[in-house]
Structures are given as C-alpha cells and as structure tokens.
Amino acid sequence: MIGSGRKKSIAFFIALGAGMILVALLLYLGGVVLNWRDGIRLFFGIVLLAVIIAGVALNTIFLVREIRRNEQHDAFINAVTHELKTPIASIRLYAETLQTRAVDEAKRKEFYRIILQDSDRLLSTIEQILRTGRIGANTRPPNISPVNLPDIVSESVLRARVLHNIPNEAIRYQPLEKLQILGDLDEVRAAVSNLLDNAIKYSGSNARVVVETGMADGKYASVRVTDNGPGIPEPELKRIFKRFYRMSGPLATRVKGTGLGLFIVRSVARRHGGRAWAESAGPGRGSTFVLQFPLAK
Amino acid sequence: MKRVLVVEDEAHLAEGLRFNLEQEGYTVEVVDNGESALELLIGEKRQPFDIVVLDVMLPGKDGFAVVAEMRGAGQYVPTLMLTARDHSQDVLSGFSAGADDYLTKPFDLEILIARIRGLLRRGEWLRRDALKAAPPPDLAESFSFGDKTVYFDLLELRVRDQIFPLTLMEMNVLRYLITHAGRPVSRGEMLEEVWGLREDTDTRALDNFIVRLRKYIEDDPGKPQHLLAVRGVGYRFLAFPQKPAV
C-alpha cells in the first residue's frame, strides 16, 4: 500500500520531467519556426514559459513532500524499533536476573510485576501496528453491532487506571446516559483507549483527565477527553492525526510513541461515519480530543 | 569499589541495571537524561566514575551528543553505549562520537557485564602501564626530602606531580651535596670531586649550578631552606631544615 503510493509518485515525476523536456523542445522549435512573426512568437513564448515554471514548481513541491514522507518513515521505523526492543530488553534483563541471581521475595515480586507491565506495553505496540495495517489496507470492514458507548468508555477508563498505575482521581468519568451506536466493539475500544493513553502519557506525573460522553448535534454520540497536559500549538492540531506524525521537540523525545495512535482514532471514526479532532488553547494550557460516532437510529 | 554511571531514561531498564551492577559489587549512580549526566561527568557536580553506560535515545541531548561533549571537555572515562538502534550507521556514529563500546538492546546480561569488566580492566591496564612508564621508585636509586624525590640514575627530580629533568653535571653536584648532607662543603672540594678540576679554578661556574638547583628544590629560591650558602666556605645541604625559632 505504501509501495504503490510511492510507485505512483515516481511515475508522476517521470511524466512531469518528460513533459517539461517536451515543452522546452517545443519552445526551442517554435522559436526557430516562428522567428519571422514577432506577435505569435511572443505569445507562445509567454505561454510555454508559464507552463515550464508551473511544472518546475509542482515538481519541487512533490519532491519535498516525498522527502518529508521518507523522513517520517525513517522516524517511524526508529520509534517502532525502540518501542518493540525496549520492553523486550527489559523483560529479558529481569528474566536473566531472576535466573542467575539470588533475589529476595519482595524483589522477586517486583521483578515479576515489571515483566508483566513490559509484556503489556509490547503487546499494545504490536496491536497498534497490526491495527494500522488492517485499517489502512481497508481489507476488513468493521464488525458492526449495536454498542453502548459509555460502557466502552467506562471499561477503557478502568483499563487505563490499571495500565498506567494511577489513582482514580487522575481520570474522572461520570457515565450519564445510554448512547447506542453501531460499531465494531474492538475498534471503538481501541480508539477510546488511545485517547486516554495519550492524555495520561503527555500530562506527566500529575495528570488530571476529565472524560465526558454525550449527544452532539442531535445525531452524534460524542466522547470528549480533556487533559491538563502541555497543550498543542494551533498549526499542529490537524497534523497530529496523520499516520506516523509526531510533533518535534523535547516533549516527543520524553514521551515515547509510534505516531500511530491518533491516526487509528481518526481512521476508526471515519470508518464508522464519525469524526475526530483536537482542540487546545495553546501550549501549556491542556488539550481536548473529541471523538464522535453516528447514533444508532 | 568501582563507580558506574548509568544514563537510561527507561525506568525499568535503569533499575534492572542498577540491581545487577550492584550485585557485581559496583557502586551505581542512575540518571535519566543527558544534561544530568554531563553535570556529573564534566559539570558542577563532577564526580569520579570508572565507567559510563549510556543510552542513545534520551530526552533532550541524546547519547551521541553526551559522549561527544564529554570527550570534548577532556573526560575520557570508558563509555559503553546501549541502544535499540543497530544500523551500522548508528554504531559508527557512536564510535565516532567517542564511545568505547556499543551494545544493542535487547542485550544478554552476561555479555553486558563481561563488556563492562573488559572496559574496566582495560582502564586498569592503562593505569598500570602509565605507572610502568614512570620511574619505578623501588628500582632506581633515589633520595626523598620533603615532597621532593631525586632519582639519580634517571637524572630526574620529582616535586609533587612535576618532573624536572636534570643535566648530568647538575645531578652530580646535587648527589655530592646530598651524600654530604649536613656538612659544609667547600667550592674547591666540589670542583675537585665532581669536576676533577684543581682547586684554584674559577668558581663562578659552580655558583651557577647552585642557582639552578635552588630553582628546582627550593619553594622560594630567594630564601633557600635546603641549599644553604656557608660564608667563606661553600655550601651545605639540609634534607630537613629546622624551622627558625619564632
């Protein structure tokens, strides 16, 4: 899928290059043939020059875009390598420690807990990658069934509290009403969980996350996740949903990730006829992520 | 006890490393970012370490930058880089930044410990070599007074960490004075014994030697404590000058 996209853009560049050479030839031949009539020469000259300039500009734009995409792929491979290898390194280190050293009871329990945590982290990274493949390839349509959205959100909140080992008040959620949607349980759960994980990961040690569900515009069931984290600069609000995209800067190196989470959120929303977006008052002022699915009729 | 600095931002790995290295008998310090590591290695809170285990993907300054910066500042402690990145390009950047060894995650615990031991051993050997290159005090004939030591055969005078090479004649004069420490030695006697000259030769050359020797062995050549002039006779060497009574 990624390969075919690249092949298409390579074909485009070849066609564009050939076209530009043709135009240049035409310009030259036209100059020779039409040399005797100044008016036509001027007209052709201007038109063809405009075409060449437009072509070169297009070429540059696409080239730059392709290079950026390449860079993002590299960054993604690095991030995934790190996200896969780090928990394995940790699991292996603790397993070897338990095997080769005399470890007292309390330490042993702690080491087992760490091993379990790291295998969870590994599993969730693998699931993200596999899910991205499924969603991106569009091979499997959602397993549609009636789902009560607040149930999924409550479940995800519980899971996030356990996974991140945080106190109850770090994520607050009051399910108020029943909101029935038609959706793929697994995908909806993944999308909601991704939003919660992000909110906690980026907000640091004193995360305060508020989750709300409700009706929106009369036809959507909506989940709003508001955090007290570092916030998002305005130009990044849309880009962060792109596949592999990660904001640059110290925050992105502190908080590890693959750049797949929000891409999955948005893809799941779209596959269900819904939508997802981010709001933020700016850096340092927290952010809100909204995920909406059409209500079941 | 050997001191190890572990620079690793993944808490689980850092604690696992700390536990294992402490079990090996090392003293372990853990920091989770490059800036703190640099403070401990070359900055304000500078501490001595025998080896550094350095992760590459760190928040802020990455491992490559950290090792380059500490080498730039003259900190040559053995450094083992530890990272998930295993492209040859990454390995090469690690070495060219100044790392001594490179290990990719996930790693084998025994291999990691063996490499750390290897680096520490190399450091130990280098130290021993450095000592060997210096004159082994027990092999050379020497004489110590205060914080100064004279190695006669090596023509060297060591004052604390400094080494002053002496010429053969300077050493002969000094040796003569030392062997007759405490007793005034006349200029003529020295000329005859050291230079093999007759007593009535001009003695100014000898005075020049004394001036030079004083520069080496006196804390204040203007107020000599060891090489004293004896009026009308010559000179007297005192290894342990008595403090003048106040």
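**Helices, cores and a shared face**

Colleague: Which residues of H2(B) meet H3(B)?

Modeller: On the H2(B) side they are Gly34(B), Ala37(B), Leu38(B) and Leu41(B), and on the H3(B) side Gly63(B), Ala65(B), Val66(B), Glu69(B) and Met70(B). Keep in mind that this is a predicted model. Sorted by class, this contact has six nonpolar, two polar and one charged residues.

Colleague: What makes Glu69(B) the charged kind and Gly34(B) the polar kind?

Modeller: Glu sits on the charged list, while Gly is counted among the polar residues.

Colleague: At what angle do helix H2 and helix H3 of chain B pack, and how far apart are their axes?

Modeller: H2 (residues 34–41) and H3 (residues 63–72) of chain B pack at about 20 degrees, and their axes are 10 Å apart. Angles under 35 degrees count as roughly parallel, so H2(B) is roughly parallel to H3(B). As for handedness, H2(B) passes H3(B) in a right-handed crossing.

Colleague: Over in chain A, why is H4(A) called oblique or roughly parallel to H5(A)?

Modeller: Start with the numbers: H4 (residues 149–164) and H5 (residues 185–203) of chain A pack at about 45 degrees, with axes 9 Å apart. Roughly parallel needs an angle under 35 degrees, and roughly perpendicular runs from 65 to 115. A value of about 45 degrees fits neither range, so H4(A) is oblique to H5(A). This crossing, H4(A) past H5(A), is right-handed.

Colleague: Which residues make that contact between H4(A) and H5(A)?

Modeller: H4(A) brings Ile152(A), Val153(A), Ser156(A), Val157(A), Arg159(A), Ala160(A) and His164(A). From H5(A) come Val188(A), Arg189(A), Val192(A), Ser193(A), Leu196(A), Asp197(A) and Ile200(A). They divide into eight nonpolar, three polar and three charged.

Colleague: How do you know whether helix H8 of chain A is enclosed or not?

Modeller: Count its buried residues, where buried takes 20 or more other C-beta atoms within 10 Å. Nine of the eleven residues of H8 (residues 261–271) of chain A are buried, so the helix is largely enclosed by the rest of the structure. The buried ones are Gly261(A), Leu262(A), Phe263(A), Ile264(A), Val265(A), Arg266(A), Ser267(A), Val268(A) and Ala269(A). After H8(A) comes Gly273(A), with a positive phi near 80 degrees.

Colleague: Which residues touch the most other members of the largest nonpolar core?

Modeller: Those are Val7(B), Val53(B), Leu54(B) and Leu80(B), in a core of 40 residues. Setting aside neighbours within four places in sequence, Val7(B) is in contact with nine residues' worth of company that includes Val31(B), Gly34(B), Ala37(B), Val52(B) and Val66(B). A second, separate core has 39 residues, among them Leu149(A), Ile200(A), Tyr202(A) and Phe263(A).

Colleague: How many residues of chain A and chain B are in contact with each other?

Modeller: 19 residues of chain A are in contact with 16 of chain B. On the chain A side, H2 (38–100), H3 (105–137) and H7 (250–254) each give two or more residues, and H2(A) gives the most, with 13. That side divides into six nonpolar, seven polar and six charged residues.

Colleague: And how many helices and strands are in chain A and in chain B?

Modeller: Chain A has eight helices and seven strands, and 28% of its 297 residues count as buried. Chain B has eight helices and twelve strands, with 29% of its 246 residues buried.

Note on methods:
Residues are numbered from 1 along each chain as its sequence is written. Chains are lettered from A and ligands numbered from 1 in the order in which they are written. This is a predicted model: local features need pLDDT of at least 70, side-chain atom pairs count only at pLDDT 80 or more; totals for chains, interfaces and linings use all residues. Two residues are in contact if their C-beta atoms, placed from the backbone, lie within 7 Å. Helices (H or I, at least four residues) and strands (E, at least two) are DSSP runs, numbered from the N terminus. Axes are lines fitted to C-alpha atoms, for helices over the stretch in contact, and angles run from 0 to 180 degrees between N-to-C directions. Angles under 35 degrees count as roughly parallel, over 145 as roughly antiparallel, 65 to 115 as roughly perpendicular and the rest as oblique. A crossing is left-handed if the near helix is turned anticlockwise from the far one by less than a right angle, and right-handed if clockwise. A nonpolar core is a set of buried Ala, Val, Leu, Ile, Met, Phe, Trp, Tyr and Cys residues joined through C-beta atoms within 7 Å. A residue is buried if 20 or more other C-beta atoms lie within 10 Å of its own, exposed if 12 or fewer, and partly exposed in between; C-beta atoms are placed from the backbone.
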